Amino acid sequence: MNRRTKIAALAAALLITAGAAGSATASGDGKGGDREAAALTGTAKLYRPAGDDITFSFDAHLAAKDTMDPQAATGTFRYSHYKNGEGGYAVAEVDCLTTGGKVAVVTGVVVDTDLEPLRGKRVGISVHDDGKRDRLGYSWVGRDASVEVPPCLSAAPFEKVRAGTGDFQVLPWHLVYPTE
């Protein structure tokens with residue numbers, strides 16, 4: 001085999017290897033398993049000039065096997081709002097997660113709270129993972145927080161996250177359409 005043929009064969013082998021590695025990364029989790037279909041994780045505090053302490057934390061996931069059913073999502077999210085020693089918190093079990101690019105919408109049913117009107121109600125939250133300055137929205141904006149919303153719905157991410165506190169991570173929804 002001459003030098004030019006060896007170089008062409010080596011280049012082809014590298015391209016094939018790179019293509020196979022790229023395919024595995026795009027569809028896998030990097031550990032030999034399937035990549036989850038979507039996820040929202042992280043914690044941040046909202047910006048409030050009046051000094052309110054408002055914190056949101058997420059650990060929501062949609063398994064690869066459930067890619068076509070966002071209502072099969074699992075996990076929890078928590079939020080709290082305190083000012084001058086008064087306020088409350090709520091923990092919800094995730095019942096829907098959708099993501100697109102750097103935006104996520106998650107809903108869940110409140111299972112633990114010190115605000116009884118919220119217990120058993122579904123609430124929704126949206127997140128924009130903007131890297132340096134994440135944003136967040138919630139379903140109870142401008143209305144009674146105890147009013148339940150449908151699964152998979154929330155307001156647009158209109159709130160600013162306090163600088164230096166946001167570490168939201170949105171894993172874009174990985175849709176796998178059935179082949180025909």
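A residue is called buried when its relative accessible area is under 20%, exposed when over 50%, and partly exposed in between (1.4 Å probe, protein chains only). By this criterion F58, at a relative accessible area of 5%, is buried, and so is F77, at 2%. The structure is a predicted model, so local features need pLDDT of at least 70 and side-chain atom pairs count only at pLDDT 80 or more, while totals for chains, interfaces and linings use all residues. Residues are numbered from 1 along each chain as its sequence is written, and side-chain values use heavy atoms, with hydrogens and water left out.

The overall fold comes first. The protein contains one helix and nine strands, where helices (H or I, at least four residues) and strands (E, at least two) are DSSP runs numbered from the N terminus. Read from the N terminus, the order of elements is α-β-β-β-β-β-β-β-β-β. Of its 180 residues, 34% count as buried. The accessible surface comes to about 10,200 Å², and carbon and sulfur atoms hold 57% of that area; the areas come from the Shrake-Rupley method with a 1.4 Å probe, and for residues only the protein chains shown count as cover. With a contact defined as heavy atoms within 4.5 Å, 53% of the contacts between residues at least 6 apart in sequence join residues at least 24 apart.

The interior can be described through its nonpolar core, meaning a set of buried Ala, Val, Leu, Ile, Met, Phe, Trp, Tyr and Cys residues joined through side-chain atoms within 4.5 Å. In soluble globular proteins, nonpolar side chains tend to be buried together. The largest such core here has 30 residues, and F56, F58, Y79 and I125 have the most contacts inside it. Two or more residues are given to this core by each of β1, β2, β3, β4, β5, β6 and β7, with β2 supplying the largest share, five residues. The surroundings of F58 fill in the picture: leaving aside residues up to four places away in sequence, F58 touches L40, T41, G42, T76, F77, V106, I125, V127, L136 and F168.

Aromatic side chains add a further layer. Rings of Phe, Tyr and Trp (its six-membered ring) are paired if their centres lie within 6.5 Å; planes under 30 degrees apart count as stacked, over 60 as edge-to-face, and the rest as tilted. Eight aromatic pairs are found in the whole structure. One of them, F58 with F77, is tilted, at 6.0 Å centre to centre and 40 degrees between the planes. This pair links distant parts of the chain, since F58 belongs to strand β2 (residues 53–62) and F77 to strand β3 (residues 74–83), 19 residues apart. F58 and F77 also belong to one aromatic cluster together with F56, Y79, Y138, W140, F158 and F168.

Charged residues provide another set of links. Side chains of opposite charge can pair when their charged atoms come close. A salt bridge here is a side-chain nitrogen of Lys or Arg within 4 Å of a carboxyl oxygen of Asp or Glu, and the structure holds seven. In one of these, R48 and E159 meet at 2.9 Å, N to O; R48 sits in the loop between β1 (38–45) and β2, E159 in strand β8 (residues 159–160), 111 residues apart. R48 is partly exposed at 26% relative accessibility, whereas E159 is buried at 11%. In another, the closest N and O atoms of R122 and D95 are 2.6 Å apart. R122 lies in strand β6 (residues 122–128) and D95 in strand β4, so this bridge ties together parts 27 residues apart in sequence. Both R122 and D95 are buried.

Strand β4 (residues 86–100) also contains T98. T98 is buried at 19% relative accessibility and, not counting residues up to four places away in sequence, touches P70, V103, A104, V105 and W173. A covalent link completes the description. The whole structure has one disulfide, a pair of cysteine sulfur atoms within 2.5 Å, and this disulfide joins C96 to C152 with an S to S distance of 1.8 Å. The link of C96 and C152 is right-handed, with 95 degrees about the S-S bond. C96 lies in strand β4 and C152 in the loop between β7 and β8, so the disulfide ties together parts 56 residues apart in sequence. Both C96 and C152 are buried.
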